[in-house]
Amino acid sequence: MKDWIEYITLFEEDIYDYIFLGFLFLAAITFPLLLVVDAPYGKLFSSSWGPTIRTDIDKSRLKEPAYLLLSIMFLVHYLQRAFIFPLLMKTPGKPTSVIVVLSALGWNLINGYLVGRGLFHFEAKLARDWHKSPIFIIGALCWLCGFLINLHSDHILRSLRKPGEKGYKIPHGGFFRWVSCANYFGEMVEWFGWALASQSLAGALFVFWTIANLLPRAIHYHQWYIQKFSSYVTLNRKACIPFLI
């Protein structure tokens, strides 16, 4: 296994070198090119380059409490997932396929676009006092519960192995009492609450995608636990959704 990880690391170093040289080449040809061609943005904007996308933020909606709170919820999740979560990891994670990384990057770009443009521009505007409505409050509380379940489950998973220990262990505590993948359950609850609070089609698509991605993975993890640990069946856990799946 160690040899395989070293091989993957060396392979990534080759990719890094190719990207570095390619980026260096692009910089070298960009300078003379931009001396004769105007990049079409800012004061030099030109519609002749094709379709355009707005780069500003719809401040009229963002000033309203419901939109501001929905934006904060969205950004808090990804701040935690992209920056805090990796820093809290106690042991190095396994290598990840480049295909998986590119797929995740592409998915987040598309999902971020759909959520941002849908919520702030294309979909019907929420009522000014929507943040006071029972549906928004229930959705926001649901998001908060899911977020806390996700955080607590990640903490349990990080604490399974002490420094220097290897191998897999069965997680206990929190929602792991009922499911094998409590962290995935928390994320599903989180985005269901956000979709409910936002009352947006983009939010509904987001939670549908979350379930489509995480539920099959949770089922496979559940089967892996059963095969790995002979006593796991006696815990009577479901894969991801307590008492159901």
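In helix α4, the buried residues are Asn111, Val115, Arg117, Gly118, Leu119 and Phe120. The model is a predicted one, and α4 is a handy place to start reading it. Those buried residues pack against four other helices, namely α2 (59–62), α3 (65–88), α6 (182–198) and α7 (201–228). As for its length, α4 covers residues 98–122, and its 25 residues should span 36 Å at 1.5 Å a residue. The C-alpha atoms at its two ends are 34 Å apart, which agrees with that expectation.

Next come the helix pairs. Two packed helices are described by the angle between their axes and the distance between the axes. For α3 and α4, the axes are 12 Å apart and the packing angle is about 170°. With an angle over 145° counting as roughly antiparallel, that makes α3 roughly antiparallel to α4. The contact has eight nonpolar residues and three polar ones, with no charged residues. On the α3 side it is made by Tyr67, Leu70, Ser71, Phe74 and Tyr78. These meet Trp107, Asn108, Asn111, Val115, Leu119 and Phe120 in α4. Several names come back here from the opening: Asn111, Val115, Leu119 and Phe120 are among the buried residues of α4.

Helix α3 also packs against α6. Here the axes come within 10 Å and cross at roughly 160°, so α3 and α6 are roughly antiparallel to each other. Their crossing is left-handed. From α3, the residues involved are Leu70, Met73, Phe74, His77, Tyr78 and Arg81. Their partners in α6 are Glu187, Glu190, Trp191, Trp194, Ala197 and Ser198. Sorted by class, this contact holds seven nonpolar, two polar and three charged residues. Leu70, Phe74 and Tyr78 of α3 take part here, facing α6, and they also appear in the contact with α4. The spacing of these three fits a simple rule of helix geometry. An α-helix has 3.6 residues a turn, so residues three or four places apart point the same way.

Helix α6 has another partner in α5 (134–158). The axes of α5 and α6 come within 7 Å, again crossing at roughly 160°. The two helices are therefore roughly antiparallel to each other, and the crossing is left-handed. The residues of this contact divide into 17 nonpolar, seven polar and three charged.

Outside the helices, Lys162 sits in the loop that links α5 to α6. Its relative accessible area is 58%, so Lys162 is exposed. Lys162 and Ala212 are 50 residues apart along the chain, and a distance of 33 Å separates their C-alpha atoms.

Two residues stand out for their backbone angles. Most residues other than glycine have a negative phi. Asn236 is not a glycine, yet it has a positive phi of about 55°. This residue lies in the segment after α7, and at 65% relative accessibility Asn236 counts as exposed. Phe243 gives a second case, with a positive phi near 70° in a residue other than glycine. Phe243 is likewise found in the segment after α7, and its relative accessibility of 64% means that it counts as exposed.

Note on methods
Residues numbered from 1 in each chain as written. Predicted model: local features only at pLDDT ≥ 70, side-chain atom pairs only at ≥ 80, totals over all residues. Heavy atoms only, no water. Expected span 1.5 Å × (residues − 1). Buried < 20%, exposed > 50% of the residue type's maximum accessible area, 1.4 Å probe, protein only. Contact = heavy atoms within 4.5 Å. Axes fitted to C-alpha atoms, helices over the stretch in contact; angles between N-to-C directions. Parallel < 35°, antiparallel > 145°, perpendicular 65-115°, else oblique. Left-handed = near helix turned anticlockwise from the far one by under 90°. Nonpolar A, V, L, I, M, F, W, Y, C, P; charged D, E, K, R; others polar.
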